[in-house]
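User: I would like to learn how to read pockets and a nonpolar core in a structure. Could you take me through one case?

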Amino acid sequence: MELPDFIVRKKIKEFIEEDLGFGDITTRSITNSIDSPRKAKIITREDGIVAGLQEASILFDFLKVKSTLTKADGSFIRASDTLMELSGAIGGILQGERTALNLLMRMSGIATATNAIVKQVQKINSRVRVACTRKTTPGLRYFEKRAVSLGGGDSHRNRLDDMVLIKDNHLKIVPDISEVVKRVRERVSFTKKIEIEVTTIEQALEAATEKVDIIMLDNFSISEAQKVVDLLTQNNLRKLVLLEISGNITPKNISEYAKLDVDIISLGYLTHSAKALDLTLDLL
């Protein structure tokens, strides 16, 4: 799901203002005119999945630099590919260079990592969705989650008001699962799904009995998660809920979790540990 254009433009304008300050004193001091026309291109130095071209184009539009996309967001790119061609005042190009690259490199790195993990999981279990979490950079959540989507992953909930997600600290306030679910159903609209994070096999069974929409198995080992699946199946509860597994999931162990009969595997890795893709802007 994408934000309305005017909201995205507002966020990107703030990114420009953060970096620009009173202006680019370096370019101003070495050139006779920052309005001199120049061309440039953005190139990738690595293979990957590109994300953020739409945002970079908006950024350069603010700076009155014309941008022409030569690749589409979400497409596979190879090292040395040109992603975007730019033409406009030298001042505008250089004012936008770093911010545009930062956003492109961050988003493309996330999309690339997501795509690799999705493919890894799909080879084992085509029914499982790979999702990110809310472990995102403040101010960048929309862009990071959009990058996950462009990489083939699921954005999960974006904000606290998207759905009900009862976590461990909520259960410290109201320890009884039946009671906490009852309160939620009484006080929250029926249009909102209810998910509960559980840490024990017993909690998982109780949550399923309460007929919540989604049960998140948090930090479960492979064997513990399998026991939950078996128990829910034996009690004719497995098909009544979505099962999500999360917590300490990495590219190294996700294949083992994908073998389980679960519906969603979510991992913070996608947004907090993905390596930025190496891109550069070259003046022509």
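User: How do the residues of the lining of the second largest pocket divide into nonpolar, polar and charged?

Analyst: This is a predicted model. As a general idea, rolling a probe the size of a water molecule over the atoms shows where empty space is left. Here the lining of the second largest pocket divides into six nonpolar, ten polar and eight charged residues. About 430 Å³ of space lies in this pocket, and among the 24 residues that line it, Thr133, Lys135, Lys167, Ser246 and Gly268 are the closest to its centre. Strand 9 (214-218), strand 10 and helix 11 (269-272) are the elements that each give two or more residues to that lining.

User: What volume does the largest pocket have, and which residues are the closest to its centre?

Analyst: The largest pocket has a volume of about 930 Å³, and of its 32 lining residues, Ser155, His156, Arg157, Asn158 and Asp162 are the closest to its centre. Helix 5 gives the most to this lining, with six residues, and the lining as a whole divides into eleven nonpolar, six polar and 15 charged residues.

User: Where does the largest nonpolar core lie, and why?

Analyst: In soluble globular proteins, nonpolar side chains tend to be buried together. The largest nonpolar core here has 79 residues, with Ile215 and Leu217 making the most contacts inside it, and its largest share, 13 residues, comes from helix 4 (residues 90-122). Because domain 1 (5-110 + 275-283) and domain 2 (119-273) both give residues to this core, it lies between them. Leaving aside neighbours within four places in sequence, Leu217 is in contact with residues including Val198, Leu243 and Ser246.

Methods
Residues are numbered from 1 along each chain as its sequence is written. This is a predicted model: local features need pLDDT of at least 70, side-chain atom pairs count only at pLDDT 80 or more; totals for chains, interfaces and linings use all residues. Side-chain values use heavy atoms; hydrogens and water are left out. A nonpolar core is a set of buried Ala, Val, Leu, Ile, Met, Phe, Trp, Tyr and Cys residues joined through side-chain atoms within 4.5 Å. Buried means under 20% relative accessible area, exposed over 50%, partly exposed in between (1.4 Å probe, protein chains only). Helices (H or I, at least four residues) and strands (E, at least two) are DSSP runs, numbered from the N terminus. Domain bounds come from an automatic or database domain assignment. Contact means heavy atoms within 4.5 Å. On a 1 Å grid over the protein atoms alone, a cavity is a set of points where a 1.4 Å probe fits but cannot get out, and a pocket is an open set with protein on both sides within 12 Å along at least five of seven lines; lining residues have an atom within 4 Å of a point. Grid points are joined across faces, edges and corners, and a volume is the space filled by probe spheres set on the points. Ala, Val, Leu, Ile, Met, Phe, Trp, Tyr, Cys and Pro count as nonpolar, Asp, Glu, Lys and Arg as charged, and the others, Gly among them, as polar.
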